[in-house]
Amino acid sequence: MRYDFDQVIDRRGSNSLKWADAEDDPDIVIQDLGDMDFKSPQPVIKAIKNRVKHGIYGYAQRPESYYHAIMGWIYQRHGWEIDRDWLIYTPGVLIALAVALRTFSRPGDKIIVQSPVYHLFFNIIRNNGRQVLINPLQMKDNRYVMDFEDLDAKLEDTRTRILLLCSPHNPTGRVWEEDELKKLAHLCLKHNVIIISDEVYSDIIFKGHRHIPIADLDEEISSKTITCISPGKTFNLSGVRASTLIIENPVLRDPFAHGMIDMDLDISNIFDVTAIETAYRRGTEWLDQVLAYLEGNLDFLDSYLKERIQQIKLVRPQGTFLAWLDCQGLEMDVIALRRFMIDKARVRFSDGVIVNPGARGFQRMNFACPRSVLKHVLKNIEMAVEQTYVKNKAAKYTL
Ligand SMILES: Cc1ncc(COP(=O)(O)O)c(C=O)c1O
């Protein structure tokens with residue numbers, strides 16, 4: 001079927017976390033949190049409706065076909081052959097990260113992240129009593145790259161236990177290439193550091209790029225890697241709260257699985273069992289169409305900024321539905337930039353500073369919205385920039 005992603009659906013009143021603050025503010029557009037403003041694939045909606053009709057919602061079990069649907073998806077999309085035994089259900093990636101941190105490190109140990117990076121990585125590490133060690137990404141030729149020299153030094157620290165990789169990378173949109181992943185993995189192996197690879201965006205990849213699961217590079221790397229995947233970003237099912245960990249090595253897998261059981265986190269919600277299996281089996285058509293639509297949004301955003309808002313530059317993502325906007329040309333500090341976007345342009349993005357402590361002048365935009373909404377947001381920013389610029393010019397003139 002042909003999906004209509006141009007349809008504007010008001011999410012106010014639907015208990016959406018992203019739109020919660022907009023309940024009493026009809027003018028503001030929210031583009032921060034990582035879910036899409038599109039309906040999920042039709043077969044998933046139908047399957048959930050049928051399950052609702054059944055009327056009995058007792059404890060759920062996950063049939064073998066659930067796991068086979070995930071294995072089939074990973075092979076079909078990424079060419080990675082995995083065994084059924086390697087898969088562990090988790091009710092969300094952040095929960096899985098918390099359990100993994102507690103299982104494989106001790107309080108006070110250091111966990112490496114590559115910033116700017118998904119802000120909740122910082123929270124989950126610190127809230128679980130571990131220390132964040134930052135290996136900053138470097139900007140080269142308008143794309144972010146890893147600093148391996150710095151990484152080597154940070155891995156050498158005797159308290160470093162885990163490297164938390166974000167692949168593809170939120171918020172920079174990098175889809176890491178084979179040689180980058182290999183270098184990173186070999187450094188981790190050299191220092192005996194576990195890799196946790198958060199691959200929640202692995203299905204949102206634009207033309208000309210390919211996601212490579214780091215654990216699929218070779219057996220040695222796989223033996224030190226925990227991979228997290230999720231249908232949340234892929235099919236816009238984050239509220240269903242289901243994700244999967246792929247761990248080949250039983251020395252890592254068994255303690256992690258016990259950690260989940262100890263906290264009673266291994267039981268699925270009855271609707272997630274239905275939704276997830278259906279999405280992985282019948283979601284391809286929807287995903288292919290949404291990817292084409294997202295790429296169209298990206299092209300639109302790119303040319304709009306180049307032609308009409310030159311103070312804001314796009315660091316063009318290779319994957320994810322997040323645009324990392326370099327707003328340094330607006331010459332505003334962190335608070336002024338936030339207020340400018342919310343009060344003048346009437347849009348709320350994620351503040352760059354939360355994903356990159358100490359940095360300023362960046363905003364992260366979620367562009368998984370109907371194109372008309374994207375146009376509206378850009379027009380508002382353009383007008384707000386013009387007004388501010390004219391005002392400033394006028395102020396200078398009167399001085
Ligand atoms: C890189 C990354 N990991 C994890 C998550 C959260 O995943 P979950 O909702 O499954 O906990 C997000 C959500 O935006 C994310 O961007």
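**Close-up views of a predicted model**

**View 1. Q131 and its polar contact with G108.** In this view the backbone oxygen of G108 lies 2.8 Å from a polar atom of the side chain of Q131. The structure shown here and in the other views is a predicted model. Q131 belongs to strand β4, which covers residues 131-134, and with a relative accessible area of 38% it is partly exposed. Once residues up to four places away in sequence are set aside, Q131 touches G108, D109, K110, I111 and I125. D25, by contrast, is separated from Q131 by 106 residues in sequence and, C-alpha to C-alpha, by 39 Å in space.

**View 2. T244 in strand β10.** T244 sits in strand β10, made up of residues 243-246. Its relative accessible area is 3%, and because buried here means under 20%, T244 counts as buried. Apart from neighbours within four places in sequence, the residues in contact with T244 are I70, L87, I88, T90, T227, C228 and I229.

**View 3. The two domains and the contact between them.** The protein is divided into domain 1, which comprises residues 20-41 + 284-398, and domain 2, which comprises residues 44-282. The contact takes 31 residues from domain 1 and 38 residues from domain 2. Between the C-alpha centres of domain 1 and domain 2 the distance is 27 Å.

**View 4. The largest pocket, with lining residues from both domains.** The largest pocket holds about 1200 Å³ of space, and its lining consists of 42 residues, of which G34, D35, L237, S238 and G239 lie nearest its centre. Domain 1 and domain 2 each contribute at least three residues to the lining of this pocket. At least two lining residues come from each of the helices α1 (42-54), α3 (93-104), α4 (119-127) and α8 (231-235), and the largest share, three residues, is that of α1. Sorted by class, the lining of the largest pocket contains 18 nonpolar, 14 polar and ten charged residues.

**View 5. The largest cavity and the part played by helix α2 in its lining.** Two cavities of 30 Å³ or more are counted in the model, and the largest of them has a volume of about 40 Å³. Which residues line the largest cavity? They are W73, I74, H78, S202, D203, I229 and Y280. Helix α2, which spans residues 64-78, gives the most to this lining, with three residues. The classes represented in the lining of the largest cavity are four nonpolar, two polar and one charged residues. I229, one of the lining residues of the largest cavity, is also among the residues in contact with T244 in View 2.

**View 6. The second largest cavity.** The second largest cavity encloses about 30 Å³ of space, and it is lined by V334, L337, D351, G352, V353, A359, R360, G361, F362 and Q363. Two or more of these lining residues are supplied by each of α12 (334-344), α13 (352-355) and β15 (362-366). By class, the lining of the second largest cavity divides into five nonpolar, three polar and two charged residues.

Notes: Residues numbered from 1 in each chain as written. Predicted model: local features only at pLDDT ≥ 70, side-chain atom pairs only at ≥ 80, totals over all residues. Heavy atoms only, no water. Helix = DSSP H or I, 4+ residues; strand = E, 2+ residues; numbered from the N terminus. Buried < 20%, exposed > 50% of the residue type's maximum accessible area, 1.4 Å probe, protein only. Contact = heavy atoms within 4.5 Å. Polar contact = N/O pair within 3.5 Å; in protein donor to acceptor, adjacent residues only side chain to side chain. 1 Å grid on protein atoms, 1.4 Å probe; cavity = no way out; pocket = protein on both sides within 12 Å on 5 of 7 lines; lining within 4 Å. Points joined across faces, edges and corners; volume = space filled by probe spheres on them. Nonpolar A, V, L, I, M, F, W, Y, C, P; charged D, E, K, R; others polar. Domains from an automatic or database assignment.
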